[in-house]
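Student: I'd like a close look at one part of this protein. Could you pick a spot, walk me through it slowly, and then show me what lies around it?

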Amino acid sequence: MPIAQNLVLRAGSETSVSGVDPLTGQDIVVPYGVLASGTSWIDPSGMNITTSGPPAKSIHLSSQKLVTKPGSMIDISGGGNLYAYNWVTGQGGTQDILASDSSFAVIPGYQADFAPYAAFNQSVAAQTTFDPNFDSAEDRPNPGFTNQTKLRAGDRVYLGGSDGLAAGYYTLLPARYALLPGAVLVTPQTETARGTGAARWVQRRLRVSVQ
């Protein structure tokens with residue numbers, strides 16, 4: 001059954017699953033699952049794609065009335081890179097600093113005023129195999145974590161300048177996004193009213209080993 005009554009793709013709109021930045025033409029890096037025990041690649045839906053690989057790219061539009069205006073684009077081209085992460089305790093540390101909903105990632109140049117959202121995270125089954133702090137779910141507390149501030153992923157805050165990060169307004173992303181190239185992990189040091197940014201912050205870049 002169609003989900004929408006009317007769906008219009010207007011002129012100049014782009015509906016895309018491409019892994020290429022349309023502005024720069026460069027491949028983008030997309031977080032996509034975890035490495036369970038360092039050997040099995042578990043995708044965001046909880047499926048083991050170690051041997052099968054990720055599903056083919058596709059776009060599904062469902063509406064009783066669908067209109068595609070001249071100049072609209074649907075892009076299912078390839079490109080881009082997927083990555084999964086695996087936390088390994090060792091000489092580099094015994095505590096996974098990204099397993100926290102009190103720290104966040106910011107990415108210079110990310111201008112959207114929202115954080116990634118994944119509906120599967122509302123499933124208890126998915127939470128047993130997938131990091132509950134990898135994608136944000138609106139108004140849903142992360143099980144096992146205690147957020148000591150009133151901030152959450154998707155809030156916009158002002159950060160003072162530091163080495164490698166210019167002063168300005170940034171959108172808070174789930175902490176795992178600090179693994180992306182150019183991202184910075186930020187942690188508020190005092191309780192903060194949601195969205196005000198009136199806190200002291202600790203900022204750090206992560207060294208990431210890619211295999």
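**A close look at Ser 63 and beyond**

Tutor: Let's start with Ser 63, which counts as buried because its relative accessible area is 16%, under the 20% cut-off for that word. Keep in mind as we go that this is a predicted model. Ser 63 belongs to strand β5, which covers residues 63-68. So what does its side chain reach? One partner is the backbone oxygen of Lys 65, at 2.8 Å. Another backbone oxygen, that of Ala 4, lies 3.4 Å from a polar atom of the Ser 63 side chain.

Now hop along the chain to Thr 171, another buried residue, with a relative accessible area of 2%. You'll find Thr 171 in strand β10, residues 168-171. Its side chain and that of Arg 156 are joined by a polar contact of 3.0 Å. Leaving out residues up to four places away in sequence, Thr 171 touches a whole crowd, including Ala 105, Val 106, Tyr 110, Phe 114 and Gly 154. Asp 113 and Asp 155 are among the residues it touches, too.

Next, the greasy parts. Nonpolar side chains in soluble globular proteins tend to be buried together. Here, the largest nonpolar core has 16 residues, and Leu 173 and Leu 180 are the ones with the most contacts inside it. Zoom in on Leu 173: with residues up to four places away in sequence not counted, it touches Phe 104, Ala 105, Ile 107, Tyr 110, Phe 114, Ala 115, Pro 116 and Ala 153. There's also a second, separate core, made of 10 residues, with Leu 151, Leu 159, Leu 172 and Val 184 among them.

Finally, let's visit a sheet. Strands of a sheet pair through backbone hydrogen bonds, and they can run parallel or antiparallel. The one to find here is an open sheet of 3 strands, in the order β4-β3-β7, and its pairing is mixed. At its edges sit β4 (40-42) and β7 (81-85), each pairing on one side only. On average, neighbouring strands of this sheet are turned by 45° against each other, if you ignore direction. Look at strand β3, residues 29-36: it runs parallel to β7, and 4 bridges join the two. For a landmark along that pair, try Val 34, which stands opposite Tyr 85 in β7.

Technical notes: Residues are numbered from 1 along each chain as its sequence is written. This is a predicted model: local features need pLDDT of at least 70, side-chain atom pairs count only at pLDDT 80 or more; totals for chains, interfaces and linings use all residues. Side-chain values use heavy atoms; hydrogens and water are left out. A nonpolar core is a set of buried Ala, Val, Leu, Ile, Met, Phe, Trp, Tyr and Cys residues joined through side-chain atoms within 4.5 Å. Buried means under 20% relative accessible area, exposed over 50%, partly exposed in between (1.4 Å probe, protein chains only). Contact means heavy atoms within 4.5 Å. Two strands pair if DSSP finds at least two bridges between them. Axes are lines fitted to C-alpha atoms, for helices over the stretch in contact, and angles run from 0 to 180 degrees between N-to-C directions. A polar contact is a pair of N or O atoms within 3.5 Å; within protein, one must be able to donate a hydrogen and the other to accept it, and residues adjacent in sequence count only if both atoms are side-chain atoms.
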